[in-house]
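Let's take a walk through this one together. Have the fold in view and follow along as we go from one spot to the next.

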Amino acid sequence: MTRARLLFLFPALFVLLWSTGWIVAKYASPYAEPLSFLTIRYALAGLLLAAFCFALRATWPRRQLLVHAIFSGVFLHAIYLGGIWWVLDQQMPSTLSGMMAALQPLITAVLAGMIVGEQISTRQWTGFALGFAGLMVALAPRLAADLSGDLAGDLAGTDGVHDGWILLIGVNFVSMISVVIGTLYQKKFLQKGDLRTITTLQYLGAFLATLPAALLLEEFQFSWTLQLYGAMAWSVLGLSLGAVGLFVILIREGEVSRAAALIYLIPPTIAVQAFLVFGERLTPLELGGMVLTVFGVYLVSGKWQKLPRTHL
């Protein structure tokens, strides 16, 4: 395989794998509470990675780097995924959640210059704007359908907005800000060290933060059906080890703003998956928005200049 194909493969695989997270969250919801599920997921992912690291005699970070790795896992996994899974479990439409997540690349780009010293070109800012606009166009029909149904009745309370939806939107927003912080933290403090052991420690941090919340807010009960086993297996292998692993590699090997821009491609990819798997219809407006989003991400990302050298 040529260098150019490898450079394209990592971002494409990340988008494909990461986009399945929303589907898995909805799929597992009837069989397990969200924080309880994530606690087990982090524990399994951490144990598998730890065994892998010890088998290969990977180098473990010491002192300050170790603390940074554990701390970053709280933002990158515990708060981010915990919030997203919780709002989806509370029946927040994935379209609305995805629209809020679309703010992540823009906020990351703004903060990247101040925190990690990245220079965002005019072409990249144009790409961010076009990607955001295309995503809004693509999501508009689905969001309108959600708001015209039961959600519209919930939002129209005596004070104009139902308190429950204020909470869901607030939690979703905090989750989005958390992954922005985790991404920039990873770029600033974790550029050195073995990514395999660093990722293992990040799952330790996520586990230590999520377990008390799960025990306090949930009953920690599971209906271990074949569906839940499948959801857990994919969450650990496909998402925690696959998608997250690719994301941290992309952060280390390139500009954090370019890695964040790939988030724009997640909702359109989810829509295509829903079309292929569930037969959900894609409108011409949605397809046009997707094309605009892809073009915007191309302007931001351009050509990936570095070949990933690290392993997970």
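In which helix is the place of Thr210? Thr210 sits in helix α10, a helix that covers residues 195–217. A quick word on where this comes from: the model is predicted, so local features need pLDDT of at least 70 and side-chain atom pairs count only at pLDDT 80 or more, while totals for chains, interfaces and linings use all residues. Residues are numbered from 1 along each chain as its sequence is written, and side-chain values use heavy atoms, with hydrogens and water left out.

Back to Thr210. Its relative accessibility is 3%, so Thr210 counts as buried; here buried means under 20% relative accessible area, exposed means over 50%, and partly exposed is in between, using a 1.4 Å probe and protein chains only. If we leave aside neighbours within four places in sequence, Thr210 is in contact with Leu35, Leu38, Thr39, Tyr42 and Ala78, where contact means heavy atoms within 4.5 Å.

Now zoom out. The chain has 14 helices and zero strands, so called because helices (H or I, at least four residues) and strands (E, at least two) are DSSP runs, numbered from the N terminus. Reading along the sequence, you simply meet α-α-α-α-α-α-α-α-α-α-α-α-α-α. Of the chain's 312 residues, 50% count as buried. And if you take the contacts with a separation of 6 or more, residues 24 or more positions apart account for 90% of them.

Next, look at helix α3, which takes in residues 34–55. With 22 residues at 1.5 Å a residue, α3 should span 32 Å, and its end C-alpha atoms are indeed 32 Å apart; the expected span is 1.5 Å times one less than the number of residues. Just after α3 comes Arg57, with a positive phi of about 55°. Inside α3 you'll find Ser36, which counts as buried because its relative accessibility is 0%. The side chain of Ser36 makes a polar contact with the side chain of Glu218, at 2.7 Å. A polar contact is a pair of N or O atoms within 3.5 Å; within protein, one must be able to donate a hydrogen and the other to accept it, and residues adjacent in sequence count only if both atoms are side-chain atoms. Beyond its neighbours within four places in sequence, Ser36 is in contact with Ala214, Glu218, Phe220 and Phe222.

Phe220 deserves a stop of its own. It lies in the loop between α10 and α11, and its phi is near 55°, a positive value in a residue other than glycine. Is Phe220 buried, exposed or partly exposed? Its relative accessible area is 27%, so Phe220 is partly exposed. Arg63, in helix α4, also has a positive phi, about 50°, although it is not a glycine. Arg63 counts as exposed, because its relative accessibility is 76%.

Helix α11 brings us to Ile251. With 0% relative accessibility, Ile251 counts as buried. Its C-alpha atom is separated by 6.3 Å from that of Lys187, though the two are 64 residues apart along the chain. Leaving out neighbours within four places in sequence, the residues in contact with Ile251 are Thr183, Gln186, Lys187, Gln191, Val256 and Ala259.

Then there's α6, residues 103–115. Its 13 residues should span 18 Å at 1.5 Å a residue, which agrees with end C-alpha atoms 18 Å apart. Gln104, Pro105, Thr108, Ala109 and Ala112 are buried in α6. An α-helix has 3.6 residues a turn, so residues three or four places apart point the same way. After α6 comes Gly117, whose phi is positive, near 75°.

Finally, the empty spaces. There are five cavities of 30 Å³ or more; on a 1 Å grid over the protein atoms alone, a cavity is a set of points where a 1.4 Å probe fits but cannot get out, and lining residues have an atom within 4 Å of a point. The largest cavity holds about 160 Å³ of space. It is lined by 15 residues, with Trp18, Gly21, Arg41, Tyr80 and Leu81 the closest to its centre. The largest share of that lining, seven residues, comes from α4.

Definitions and conventions: 1 Å grid on protein atoms, 1.4 Å probe; cavity = no way out; pocket = protein on both sides within 12 Å on 5 of 7 lines; lining within 4 Å. Points joined across faces, edges and corners; volume = space filled by probe spheres on them.
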